[in-house]
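Work through these exercises with the model open beside you. Try each task before you read its solution.

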Amino acid sequence: MIGPFRGGRTRAAAGVPGQPNVFYIGQVNGGVWKSDDYGRTWNPIFDHESTQSIGAVAAAPSDPNVIYVSSGEGLHRPDLSVGNGIYKSTDAGKTWTHLGMRDGQQIPALAVDPRDPNRVFAAVLGHPYGPSQERGIYRSTDGGQNWQRVIAKDENTGGSDVQIDPANPDVVYASMWEVREGPWEDGNEFNGAGGGLFKSTDGGSTWHALTSGLPKDLSQIYVAIAPSDSRRLYATLATASGKLGVYRSDDAGDSWSEITHDPRPAGRIGGGDLPIPKVDPRNPDLLYVVSTVTMRSADGGKTWSGFRGAPGGDDYQNLWINPNNGNIILIVSDQGAIITVNGGASWSSWYNQPTAQFYHAIATNTFPYRVCGGQQESGSACTLSRGNDGAITFRDWHPVGVIEYGYVAPDPLDPDVIYGGGRTEVSKFHFSTGEVQNVTPISLRNPKYRTDRTEPLMFSPVDPHVLYFASNVLFKTTDGGNSWQTISPDLTRENPGVPVSVGALVPKGADKLRGVIYALAPSFKNLDTLWAGTDDGQLWITRDGGKNWGDITPKELTAWSKVTQISASHFDEQTAYVSVSRFRIDDQRPYVYRTHDGGKNWKLITAGLPDFGPVDTVREDPVRKGLLFAGTENAVWVSFDDGDHWQSLQLNLPHTSARDLWIHENDLIVATHGRSFWVLDDIAPLREASVAIANAVHLFTPATAYRIQRDTNTDTPLPPDEPAAANPPDGAILDYYLPAAGSTVTLEILDGPGHVVRRFTNSDKPDIADEELQKQLIPLYWVRAPRKLSTDAGMHRWVWDLHYPAPVSTRHDYPIAAIPHDTPRFPLGPTVLPGTYSVRLTVDGKSSIASLIVKMDPRVKTSAAGLQKKFQAETRMASIMRESAQAVLQGGSIRAQLEKVKGQANPPTTDAIETFDKKLAGLLGTPGGFLAPPSQEVTLSRLNGQAGTLYTQVWQADAEPTSSQMEAMGTIERDSADVLKRWNEFKNSDLPALNRVLRESRIPEVRLEADLHLEESQIDEE
């Protein structure tokens, strides 16, 4: 996941009254999240489940370990997701059990008896786009093992809300809602008056309707109970005729009255969803309503003021108030979740939740590349795929002026410019200035043009000057939007009609509604060839740049079968792949089509795809013919045989909606509609995979590796709880496959002449022993865990960091350029030069070899000669560090041994030891402290320290060493020759002489050895 860390639409909200720091939220297509620090951080706790569409979360008041989650967001809007039932956790979210209601699709409300965690109510709304039987209000008395429907209407009316009176849990209020959505984009929600508000006083066994004072054509209603006075009720409601209002009851629902004519608290959230009321736990007159702005009333709903909101509309969806402390409030919105603990004086942030809902993804042709898309409710974002500071942080993404639903089209000729398209808007953004210009061909709304929220906008891959934008017709510009040409007629169905799934609520005139162009695929081979698809089920092709269009719609593609994406082949002019979603006509099955003859014949290619999963996107790999990827409403899939068979590519990706896929070089990018952008790094193994390699050890050909600095941050590192996404691997990605477990596995990297540059084995020991690791000054959550080659059967990935082995050093430390859980111990080895290397995999004595190309970071302009000069300086300083460190370590070992035998020596021997030790001390010198001046004498410690200092200076930047550094290197080399010569003479002459004296005195001789386990450096890097 690469972010951005900006929240998306969140509907479900719950807290734990007795644990005021603990909160749960449910993103409408991003899963369940938990915070135990008042919203400072949020962690996903539902990622392993088969849906991420969440309608409600409820924590049992009598047992905080019991959590219920209902799936299906429960909102009726142009863009929604559905779920697959109800889940339960008995360990505060660590594990989950499915409780049924699989066909409920949308379950927007849950209520748990405050006395009994096993007694729970669920409001099941049902299918949004068609009739369904599993609707109504359900009750379970055994923790969800069994469910009884206690309110039922018909196949068109479902449960939308349920509330339990906290003072008397046998009193329950429930809302029913008759609603249906049509397949078109706008004006597609139809409300009936078949629902209503109901009350039970016997725990849900019997119910009666509450109608007195409420509108006769009541359609949708939410109720809030005042905890301090349960006879006081508030309601927000909507009628089938479109009236909105805020109502109040002072007699437990027996009678109602409208309490305000202020339109703000009753206004639909962002023009769509009905607002929700909540009451302070101690003051029945203190009322909140979440809407475009969260409104507050302190006089029982008569007058109102804005409580939380912003220009443009944050669009608040729900809130939870701690029943023990009304100052603690959790609010969820289209921007994410925020918490106040002081009654709204200050709030936590929603910039720590990677739950953005993206419609599309595309990558820029920059290095590192940016991933861009329009984010539902928030705007747009382009985020770097790799951050300079070791991770992808808030510094690495930025809005780019695109409408929230839009396509993004980076200018292939100008990396400063990003185009975006949706509705009637085409935006043109400049990174350099931040300015956004609207260059649309539809400057004013015109009835002859129809648009959806997301409209295709893309450059021709053949001519980078040509930009296309779609409505019901197709536009083309060659001058950056200054002028446009219409190159198609209206490509939509003239009379698509109303599908049967809409039912009886369809209004007059709906049969006249028409679609738009929803998918576009310019040819990779010919500028004049374009493929187009509509959301009302039409497919077209032109071979002459739009002068003539041919209808190539498959016969089985009925009206309102939305063509979600077309992928024109990279390999020939006749092949294309089309994904189709019939979700909006209540068909959840997958549809992917393929043609090899320019659309004359189509084949449905869905073998291996599950029955549930409308397909949002299909992409052809540009490198391997027949390798396809598909994204559905809850998964990502791969086909190696041109779509004839599909298999899961889910890996660690949560089961959210994969709205778009994009392939950039060796990376597969996913635009999720609830969990931001994800990237599958290096799909080269997928391009090479075949049945033939399944039964033998296989070393995959590595993708080109780029030599990039791991982390260039020079300042205090970001705190570990600051939101950040992981960078892609630093170095060469080496993949290998073992058909069965092996005993020994070795990976070697060899240079051009065949010399071993680096060697890894499954028996490698950690760089630092755990005992020494525990002595570190820094908390260990900063430290990169040791790695070991796997010998297990299956696929394995190893990352070589493009360094030679680390030089032996008397001092190790962890750099200020630190990343939580991924900070290596310094120094690292010299950095390899760009060039061609070989990778050798040896498993139980049998070897395989593959070629690896290493390239320089293209942003670095240092010449090849300069890099060679840097490499030579690094290797020479590393050699001096090794030799001097070995000498210092050996000298330290000698002194330690002498300390042990001094007490055994007679006076003549003692004199010899002291003379020897004095000479040794002069050779070794003393390590300089932090900012201490260097020793005046050339000693081993001074040599080692200065070599290490210069090594770090040269190593840290991909630049040719400066003249000062080269001069310093000459000095160090001269000093090295001198002091190492004296050290060798000392070892070969003075040490044997001392040992003769020790032998004559029957004292143990001094052995020449090195104790490599030195105390780690614990300096403060200013």
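**Exercise 1. A backbone oddity**

In which loop is Ala-92 found?

Solution. This is a predicted model, in which local features need pLDDT of at least 70, side-chain atom pairs count only at pLDDT 80 or more, and totals for chains, interfaces and linings use all residues. Residues are numbered from 1 along each chain as its sequence is written, and side-chain values use heavy atoms, with hydrogens and water left out.

Step 1. Find strand S7 (86–89) and strand S8 (97–98); Ala-92 sits in the loop between them. Helices (H or I, at least four residues) and strands (E, at least two) are DSSP runs, numbered from the N terminus.

Step 2. Check the phi angle. Ala-92 has a positive phi of about 60°, although it is not a glycine.

**Exercise 2. Two cis peptide bonds**

Locate the cis peptide bonds that lead into Pro-4 and Pro-368.

Solution. Step 1. Start with Pro-4, in the segment before S1. The bond from Gly-3 to Pro-4 is cis, with omega near 5°.

Step 2. Go on to the loop between S29 and S30, where Pro-368 is found. Phe-367 and Pro-368 are joined by a cis peptide bond with omega about -10°.

**Exercise 3. The sheet that starts with S1**

State the strand order of the sheet that holds S1, and find its edges.

Solution. Step 1. Read the order: S1-S2-S3-S4, an open sheet of four strands with antiparallel pairing. Two strands pair if DSSP finds at least two bridges between them.

Step 2. Find the edges. Strand S1 (10–16) and strand S4 (43–44) each have a single partner strand, so one side of each has no neighbour in the sheet.

Step 3. Look at one pair. S1 and strand S2 (residues 19–27) run antiparallel and are joined by six bridges. Ala-14 stands opposite Tyr-24 in S2.

Recall the general rule: strands of a sheet pair through backbone hydrogen bonds, either parallel or antiparallel.

**Exercise 4. The sheet that holds S29**

Do the same for the sheet that holds S29.

Solution. Step 1. The order is S29-S30-S31-S33, an open sheet of four strands with antiparallel pairing.

Step 2. Strand S29 (362–363) and strand S33 (397–398) stand at the edges; each has a single partner strand, so one side of each is left free of a neighbour in the sheet.

Step 3. Strand S30 (residues 370–375) and strand S31 (residues 379–384) run antiparallel, joined by six bridges. Gly-374 stands opposite Ser-380 in S31.

**Exercise 5. Helices around H7**

Classify how H4, H5 and H6 run relative to H7.

Solution. Two packed helices are described by the angle between their axes and the distance between the axes. Axes are lines fitted to C-alpha atoms, for helices over the stretch in contact, and angles run from 0 to 180 degrees between N-to-C directions. Angles under 35 degrees count as roughly parallel, over 145 as roughly antiparallel, 65 to 115 as roughly perpendicular and the rest as oblique.

Step 1. Helix H4 (residues 864–901) and helix H7 (residues 963–1000) have axes that come within 11 Å and cross at roughly 30°. H4 and H7 are therefore roughly parallel.

Step 2. For helix H5 (residues 907–924) and H7, the axes come within 11 Å and cross at roughly 165°. So H5 is roughly antiparallel to H7.

Step 3. For helix H6 (residues 940–955) and H7, the axes come within 10 Å and cross at roughly 150°. So H6 is roughly antiparallel to H7.

Step 4. Add the handedness. A crossing is left-handed if the near helix is turned anticlockwise from the far one by less than a right angle, and right-handed if clockwise. The crossing with H7 is left-handed for H4, for H5 and for H6.
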